[in-house]
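Subject: Structure handover

Hello,

Here is the structure I said I would pass on. Please open it next to this message and follow along.

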Amino acid sequence: MANELDELTPETRDEGLDAKVIAKQIPVTVGAGSTVFEILLWVLGIIPGVVFLFMKIKAKNHFQQLQQKIQRDASTIDNYLEQRVMVLQNCAKLLDKAIDLDKTTLENIAKYRSGAANSDTARNEVAGNIDSLSRSINVAFENYPDLKAHKEIEDAMKQNMYLQREITAARELYNDTVNTWNRDVFSWPTKQIVAARSGYTTRIPFIASAEIKEQAKGVFF
């Protein structure tokens, strides 16, 4: 049998491939075979049926606990996002005192002062908008070299960079938990049957904003 992936006759893309996260939730389903499987366990005797029943209860508890962990991980991201908004707001005010900063920057930052959103999609959108605001402030900062001598402004910019790294780490933790969820809901028979009967779907991992992706394509040196 030939290798599915043959390095000697590869299919290559000279133009490269820009991988993107597909923001789609896939519903978990099971077919008639799963129902037949459960019935067969009871036909074979009371013990197999009862054992599988307890396995389903355990699987249900697993998913409930996993949902709580996803909530906790998402809350960590929200906390860092809120801190970053506060730092950017402070930084924007400091810059505004030194230069004529675009007033819409201050107004847009104020919109996110109360924290992030409460859904995965909205959280991605908020994070992307904050990245865009951070970029605007960075551009203003870089355009005025004399501002780098201002200790308060320099400290605020450093705090912004630190919080961005913390947000990245928190996203990794969140995505790890989401990956566990997405893997387990399709783990047949027990977990997939429970997930399907509970109406669960896959979850969407955290997606990098268009602003960050565009910056990553730039020339830094």
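Below is what I found, going from the overall fold to individual side chains.

**Overall**

Please keep in mind that this is a predicted model. The chain has seven helices and zero strands. Read along the sequence, the pattern is α-α-α-α-α-α-α. Of the 221 residues in the chain, 33% are buried. The accessible surface comes to about 14300 Å². Carbon and sulfur atoms own 55% of that surface. Among contacts with a separation of 6 or more, 77% are between residues 24 or more positions apart.

**The core**

The largest nonpolar core has 36 residues. Phe 63, Ile 109, Ile 137, Tyr 174 and Trp 181 touch the most other members. Four elements, α2, α4, α5 and α6, give two or more residues to this core. The most come from α2, with 13 residues. In soluble globular proteins, nonpolar side chains tend to be buried together.

Look at Phe 63 in more detail. Leaving aside neighbours within four places in sequence, Phe 63 is in contact with Trp 181, Asp 184, Val 185, Lys 191, Val 194, Ala 195 and Tyr 200.

Then there is α6. This helix is mostly covered, with six of its eight residues buried. Those six are Thr 190, Gln 192, Ile 193, Val 194, Ala 195 and Ala 196. After α6 comes Gly 199, which has a positive phi, near 75°.

**Aromatic pairs**

The structure holds six aromatic pairs. Two deserve a description here.

Take Phe 37 and Trp 188 to begin with. Their ring centres are 5.2 Å apart. Their planes meet at 55°, so the pair counts as tilted: that angle is neither under 30 degrees nor over 60. The two rings come from distant parts of the chain, 151 residues apart. Phe 37 is in helix α1 (residues 32–44). Trp 188 is in the loop between α5 (151–184) and α6 (190–197). Both rings belong to partly exposed residues: Phe 37 has a relative accessible area of 25%, and Trp 188 has 46% relative accessibility.

Now Tyr 174 and Phe 206. Here the centres are 6.4 Å apart and the planes are at 85°, so this pair is edge-to-face. Tyr 174 lies in helix α5, and Phe 206 lies in the loop between α6 and α7 (210–216). The pair therefore ties together parts that are 32 residues apart in sequence. Both residues are buried.

Which residues do ring pairs link into a cluster with Trp 188? They are Phe 37 and Phe 52. Phe 52 sits in helix α2 (residues 46–98). Is Phe 52 buried or exposed? Phe 52 is buried, because its relative accessibility is 6% and the cut-off is under 20%. Not counting residues up to four places away in sequence, Phe 52 touches Phe 37, Glu 38, Leu 41, Pro 189, Thr 190 and Ile 193. Thr 190 is 138 residues from Phe 52 in sequence. In space, their C-alpha atoms are 7.7 Å apart.

One more ring to look at is that of Trp 181. The charged end of Arg 203 sits over this ring, 4.6 Å from its centre.

**Thr 202**

Thr 202 lies in the loop between α6 and α7. At 7% relative accessibility, Thr 202 is buried. A polar atom of the Thr 202 side chain lies 2.7 Å from the backbone nitrogen of Ile 26. Not counting residues up to four places away in sequence, Thr 202 touches Lys 24, Gln 25, Ile 26, Trp 181, Asn 182, Val 185 and Phe 186.

**Ile 130**

Ile 130 is in helix α4 (residues 120–143). This residue is buried, with a relative accessible area of 1%. Apart from neighbours within four places in sequence, Ile 130 is in contact with Leu 81, Arg 84, Val 85 and Leu 88. Glu 82 is 48 residues from Ile 130 along the chain, and their C-alpha atoms are separated by 9.8 Å.

Best wishes

Note on methods: Residues numbered from 1 in each chain as written. Predicted model: local features only at pLDDT ≥ 70, side-chain atom pairs only at ≥ 80, totals over all residues. Heavy atoms only, no water. Phe/Tyr/Trp six-rings, centres within 6.5 Å; stacked < 30°, edge-to-face > 60°. Buried < 20%, exposed > 50% of the residue type's maximum accessible area, 1.4 Å probe, protein only. Lys NZ or Arg CZ within 6 Å of the ring centre and 35° of its normal. Contact = heavy atoms within 4.5 Å. Areas by Shrake-Rupley, 256 points an atom, 1.4 Å probe, with all protein chains shown as cover. Polar contact = N/O pair within 3.5 Å; in protein donor to acceptor, adjacent residues only side chain to side chain. Core = buried A, V, L, I, M, F, W, Y, C linked by side-chain atoms within 4.5 Å.
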